[in-house]
Amino acid sequence: MNIKHCTIALGLAVGLPMTALAESQVDPAIYEVAESEDGRHYTEDGTPTFNIAEDGTVDWLTFSGFRRYHAECHVCHGPDGEGSTYAPAVKNSAIDLGYDQFFEVVVNGRENGNSVMPHFGDNRNVMCYLDDIYVYLKARGLDAVPRGRPAKKEAKSDVIREDEDACMG
Amino acid sequence: MKKLKLFTSGIALCAASMAFANDDLIAQMDDPGQWAIQTGDYKNQRFSQLDQINAENVGDLQVAWTFSTGVLRGHEGSPLVIGDVMYVHTPFPNIVYALDLKNEGKIIWKYEPKQDPDVIPVMCCDTVNRGVAYADGKIFLHQADTKVVALNAETGAVEWEAQNGDPAIGETNTATVLPIKDKVIVGISGGEFGVRGHTTAYDMATGEQVWRAYSMGPDSDILADPEKTTHLGQPVGADSGTNTWEGDQWMIGGGTTWGWYSADLDENLFYYGTGNPSTWNPAQRPGDNRWSMTVMARDIDTGMAKWFYQMTPHDEWDYDGVNEMILSEQEIDGTERKLLTHFDRNGLAYTMDRVSGELLVAEKFDPVVNWTTGVDMDPASDTYGRPAVVAQYSTAQNGEDVNTTGVCPAALGTKDQQPAAYSPETQMFYVPTNHVCMDYEPFRVSYTAGQPYVGATLSMYPAPDSHGGMGNFIAWDNINGEIKWSIPEKFSVWSGALATAGDIVFYGTLEGHLKAVHAETGEELYRFKTPSGIIGNVMTYTSDGRQYVGILSGVGGWAGIGLAAGLTNPNDGLGAVGGYAALSDYTALGGQLTVFALPN
C-alpha cells in the first residue's frame, strides 16, 4: 500500500520547484509505514511517520502538525516549511537531521551568530505536538503533501485525544 | 550655513535648560531641510515642503550616493538628518551610524550595543527596528532587548540607559520612540507571547521612568479615570480594563504598543493604538478584551487617558490597532476641525475628532474587506461604534478547530505599520496597503512565559477575484471615506510613503523599486530598482541647497516571511499551488541606503 501512496505523491511533485527531496532519492525506510497503532504510524525502526491515503487523506498527526507548525514555527520558517528571508526551509530539516536530532534542536534550540533557533522544551504547544510537526515536515520535505492545508484528514483517535489532554494539562 | 546654526543652537539650548529641549526638536521639524523625526512631524503627516524635486523633473532623478549598513535583515524606518549629520540605524544588532553629509557620508561615529542573541527568536516576525529619534542633542535608540539608550548626538557616547521590558517573558521592541516636551515615550512588542502591553515615559535628561500606562488591567495600571476618561463620549466607568475579560486572562492580554505615535502639543495629548488581545484563539478570552485594539489619547505629562476608542472588540483575526494616527486640520460641513485619521489593520479607515474622540467616518479602504458590513454610526444605538461582524467570517462564531475561509483582509491587515502620508495641499492620504486574504483556524494553546502564545493557524493568499497582486497604493479622502485612485502592486506595499510640495508621492515596493507618482492622479513618474526589497520609509532633506530623497532597502519583516516562498491559495486546488509570485524570485537580502537627487 505504501509504495502506491508514494507513487501518487511523486506524481503531485511533478512541476513543483525541486527544493524538496524527491522520494526516489531517499531510502524508503525513513518514511514507509511499517506499523500503525491508534492512528499513529511508524517506520521499521519505530520512527513516527506520515500516512497518506490514495485519495490524499492525511493521518491526523500530519494534519495536526500542519496546524501547530503554522502557529509556532511559520513566523520564522515561513509558510509550509518553505523558509523565509532569514530562516531555513525546515521541511528539509526533518529529513536531513533525522528524528533524534530534530527533536534535540527543537527542545534545546541552537545558535549560529545572529541566527538563533529558540528552545521550545518548556512550551507545551510545541512539545505536545512534536511528533505531529515532525511527520508533517517530513511529508512536506518529501513532497508527499503539497503546500497549503491538507484537504482531507483522518479523525483524531481516542488515544491521541487522551494523550493530548494529558500533555496540555 | 543655516542648518549648521540650527544645530549649534540646539546644543546650546540643551545645555541651558531642559524646558527648551522640545523647542529645539520643533525647530528642527519645522525646517524642511531636515528630517528630524521618523514620522516627519508630530502630526505623522510625512509631508515635506521641499519642491525642488517635483512632478516636472522627478523623472530625471539619479542616485547621488549609497551606504551599506552591513546588516542583512529587514530594514524598516528611515535615517534622520539633523544639521549636516545623517543618523542611520539597522535591524538587530541595532547599530547606529552618524554620517557626515559634508564629507561624502564619512562615518563620524558608530554605536553597536551588546545584546543577548536570545532576544532574536522572541521577536515575532524578524528583527526589524523602525529607527532612532532626536531631541535635546541626543539620539534615542530603543533596542530589540527593550533597552532605551540616549546617545550624545555629536559623539555617540551613552548619556543614559533604561531597561523598559524583559525579553525573558517575550517583551521586545521594534518601534521608534516619541521624544516630546521633557519626556521620551516608548512602547513594547510581544503580543504573540502573551505580553501585557504598556506605554512608558522616561525623563529625557536622566532616563528615569515618569509614568507607565498598561493597555489592560486595573484603573491604576491603565491610567484611566472612570469618570473623565471617555469612550465615544461616555465615561468608561470603573475597572474598564478588567471587566471585559474572564478571570486573569488580562494579565497576559496583549494589546502591545509597537506602532507610531503622534501628538498635539496644544491639547497636550499624544495618540497611539494598541495591538491584538492574546491569544489568537478568541474562545480562550471571552469578552470585548478592552483596551486591546484601541485608539488612545493620553496626556503627555501624566499618561492619563482622555479618551479611548476600541475599533475591534473581541478580536478574532489578529487585526492589531497599532497603525499610526495622522493628525490634520480640515473642514467638515463648513467647520474646521482637528482630526485624527487612522488606517486600521481591520480594513477600515477611521476619521475622528482628536480632541473629543468623536467618531466621524469609518469606511473600508479596500473593497474586498468582508469580515464586517460596517460600523454602527448611530450615537443612539446600543452598538454605536461597533463593527457588525459577518457570521460566515467570524472565527469566534465558527469556533475552535474550525477553519474559517476567505476572510479579507488577512492577519497582516489591509495595512500594517508601514506609515501613510498626508498632503495638506491635496488633502489626500497616500496609503501603502496589503491586498491579501486568509483562512484562520483557532485552537487551544497553553501559556508559557517567553514562549509563543498564538493559538491559530492561518493561510494567506492574494485577494481572490481581483488583480492577482498582493498590494495597492491608494489615495484616500478621509472626509468622504473614498478611494480617489489605486495603483495595483504585485506585492504588499510595505514601505512608508512620503508626500511633498512638489506634487509627488514616493513609496517603495517589495521588489525593491523606489517609485514616484503624481499626487493628484497617481501617474507613475519615476522608478529605480534598489538592491533589495523595500520595507523602509522614504525621507527627504537638503544639503547645500540641494534636495535629496533617501530610502533604506533590505527585505524582511512580516513580508519577508510570508512572501519569500510565495503564497498559495488552499481553496484554489492543486493547480494553483506555486502559481503566485514568490518574492525570492525578485530580491535577496541586503541592507542599503540609497540617496537620490536631480543631476547637477
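**Close-up 1. I332(B) and its surroundings in strand 21 of chain B.** In this predicted model, I332(B) sits in strand 21, which covers residues 325-332 of chain B. Is I332(B) buried or exposed? Neither label quite fits: 14 other C-beta atoms lie within 10 Å, so I332(B) counts as partly exposed. Skip the neighbours within four places in sequence, and the contacts of I332(B) are R337(B), L360(B) and I479(B). I479(B) is 147 residues away from I332(B) along the chain, yet their C-alpha atoms are separated by just 7.0 Å.

**Close-up 2. Where chain B touches chain A.** Chain B puts 40 residues into this contact, and chain A puts in 32 residues. On the chain B side, strand 30 (436-442), strand 31 (456-462) and helix 5 (557-562) each chip in at least two residues. Strand 31 of chain B gives the largest share of that side, with 4 residues. Sorted by class, the side of chain B that touches chain A comes out at 21 nonpolar, 13 polar and 6 charged residues.

**Close-up 3. Helix 2 of chain A crossing helix 6 of chain A.** Here the axes of helix 2 (residues 60-72) and helix 6 (residues 130-141), both in chain A, come within 7 Å and cross at roughly 95 degrees. That angle is why helix 2 of chain A counts as roughly perpendicular to helix 6 of chain A. Helix 2 of chain A brings residues including L61(A), F66(A), R68(A) and Y69(A) to the contact, while helix 6 of chain A brings, among them, D131(A), I133(A), Y136(A) and L137(A). The class tally for this helix pair is 8 nonpolar, 3 polar and 3 charged residues.

Notes:
Residues are numbered from 1 along each chain as its sequence is written. Chains are lettered from A and ligands numbered from 1 in the order in which they are written. This is a predicted model: local features need pLDDT of at least 70, side-chain atom pairs count only at pLDDT 80 or more; totals for chains, interfaces and linings use all residues. A residue is buried if 20 or more other C-beta atoms lie within 10 Å of its own, exposed if 12 or fewer, and partly exposed in between; C-beta atoms are placed from the backbone. Two residues are in contact if their C-beta atoms, placed from the backbone, lie within 7 Å. Ala, Val, Leu, Ile, Met, Phe, Trp, Tyr, Cys and Pro count as nonpolar, Asp, Glu, Lys and Arg as charged, and the others, Gly among them, as polar. Axes are lines fitted to C-alpha atoms, for helices over the stretch in contact, and angles run from 0 to 180 degrees between N-to-C directions. Angles under 35 degrees count as roughly parallel, over 145 as roughly antiparallel, 65 to 115 as roughly perpendicular and the rest as oblique.
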